[in-house]
Amino acid sequence: MRKILIALLLLFALPAKADRAADIDRLAKRYHSLGQLDGAVLVADHGKVVYHRAFGLANREWKIPHTTDTVFRVASLTKQFTATLVMQLAEQGKLRLGDPIGKYVPELDSGIGRRVTLHHLMNHTSGIVDYANYPGFWANRLGEKVPKADFLAIINRPLEFEPGSQGHYSSSNYTLLGWVIEKQTGKTYSEALDSMILHPAGMQRTAYDAPDRIIPRKASGYVRALGEYRPADPLWIPNVGAGGGVASTTGDFFRLDRALAGNTLLKPESKRQMFTAYVKDDVWGDLGYGYGWLVGTRTIAGKPRLVHEHGGNANGFRTLVTRYPEDGKLVVIFLNEGNGNKGPEIYRMRRDFTDVLYGQAVAQPKPSLNDVLAAEIRHAGSDAALARFKILLAQSDTPEDGDALNRLAYQYAEAGQAATGIAILQRASELFPRDGNLHDSMGELYLALGENAKAITAYRRALQLDPGNTNAVAILKRLQPE
């Protein structure tokens, strides 16, 4: 009787798993049809892959489709590898997390080298200026090799805050950690990665994406603007190094998840330190900074669930990995489209796939407001389209903030249609009246049109909403000399 009962339980359990995979597939197909999913998706449950599928083209010029073995540039997911390497070196006694960074990088200003520790770098509490978002850093040299001295010139700028007092995401932190790894191993970052993580974890399709290295089945990267694709600008990978230089597959990130679930790569105490939320994150604001991961809880299916998450954004690629370690659940999404900004679509996909995993009903995905609005502008012109803004908003997925519309406005400005961009920003500011960045952008576009008086008004409003907007202060001083 007991055997019959077990068999019946298994019989009833199997369709539920199959239904969830089918539900994820329906969602993924819908997102692909909306132009939001070109890449690969892997979903695991209790340590087993339940869904793995690829969509769209790995190379648009040759019309080569993605497969589940396509290699993507994972951008800032590289930080997970870097943090793991640092923890391994700590376990080996080759460094201590409390060591000042100046011990390993003597070129640093003494005030930074003595005050900032490896711990501060690992959890983004260093206060060191982020070179990746420093104004003008990438101008005219995205594909060129940047000398170490140029990185140091930015990293050595005055600290933004006292180390350990708050969190601010900075790729400079992981550039420095990469230099520490090379110094303490006597190997290149790529060699350390191969021997200390990739080989032990069985990640055979992952590699440091060096410019002189051929990586089989690697996807080309693209940027989509106003409904059109173009090849992403080239990037000299050593410029992003230990903060963004790895290429991998969705399947290999499942292997990384399993290695971290066990003790293949790190001891339990090291993992406890890695997955501790030390300070609130300033990316989405609902988690905290651990070592190479965002860590915290989210309410899913009515219960708080432990979450380990990180995204990657580079020119031509967007990636996201989310672990629910207490349940052995995992969602990995890699896309070969992106302009370096954290687009909301990939996070909506993660939310929907996660809800299906936890047995929640998921509504049919809607097109993004950006796509609906751009299509209407192409069809009817900007004035007519923007007059129907509220109607178009009801037909689309409501944005959570003004970032996406801000990017759309700049796309029109870059296409020589700054007036359309300003009109979009005006609608966006009605949706998000407390978003000072929208007014800052409006000021910039007014300046491009030579409308200085309107630019001054926009920058003043930006400063009212965000008194810490140093850009607005500087421009207002230039436009209104004493």
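**View 1. Strands β13 and β14 pair in the antiparallel sense.** Seven bridges link β13, residues 303–314, to β14, residues 317–324. One of the partnerships joins E309 to T322 in β14. The model shown here and in the other views is predicted.

**View 2. Helix α11 packs on the sheet.** The helix spans residues 344–357. It touches β1 (39–45), β2, β12 (294–300), β13, β14 and β15 (329–335). The direction of α11 makes about 150 degrees with that of β15.

**View 3. Eight strands form an open sheet.** Their order is β2-β1-β15-β14-β13-β12-β11-β10, and the pairing is antiparallel. At the edges stand β2 (48–55) and β10 (279–280). Each has a single partner strand, so one side of each is left without a neighbour in the sheet.

**View 4. A hairpin joins β14 and β15.** Four residues lie between the two strands. In the turn, G328 has a positive phi of about 65 degrees. The strands pair in the antiparallel sense over seven bridges. T322 has V331 of β15 as its bridge partner.

**View 5. β1 pairs with β15 in the antiparallel sense.** Six bridges connect these strands. Among the partners, A44 is matched with L330 in β15.

**View 6. Strand β15 is largely enclosed by the rest of the structure.** Seven of its seven residues are buried, hence the enclosure. In a regular strand, side chains alternate between the two faces of the sheet. K329, V331, I333 and L335 point one way from β15. L330, V332 and F334 point the other way. All of these residues are buried.

Conventions
Residues are numbered from 1 along each chain as its sequence is written. This is a predicted model: local features need pLDDT of at least 70, side-chain atom pairs count only at pLDDT 80 or more; totals for chains, interfaces and linings use all residues. Side-chain values use heavy atoms; hydrogens and water are left out. Two strands pair if DSSP finds at least two bridges between them. Contact means heavy atoms within 4.5 Å. Axes are lines fitted to C-alpha atoms, for helices over the stretch in contact, and angles run from 0 to 180 degrees between N-to-C directions. Buried means under 20% relative accessible area, exposed over 50%, partly exposed in between (1.4 Å probe, protein chains only).
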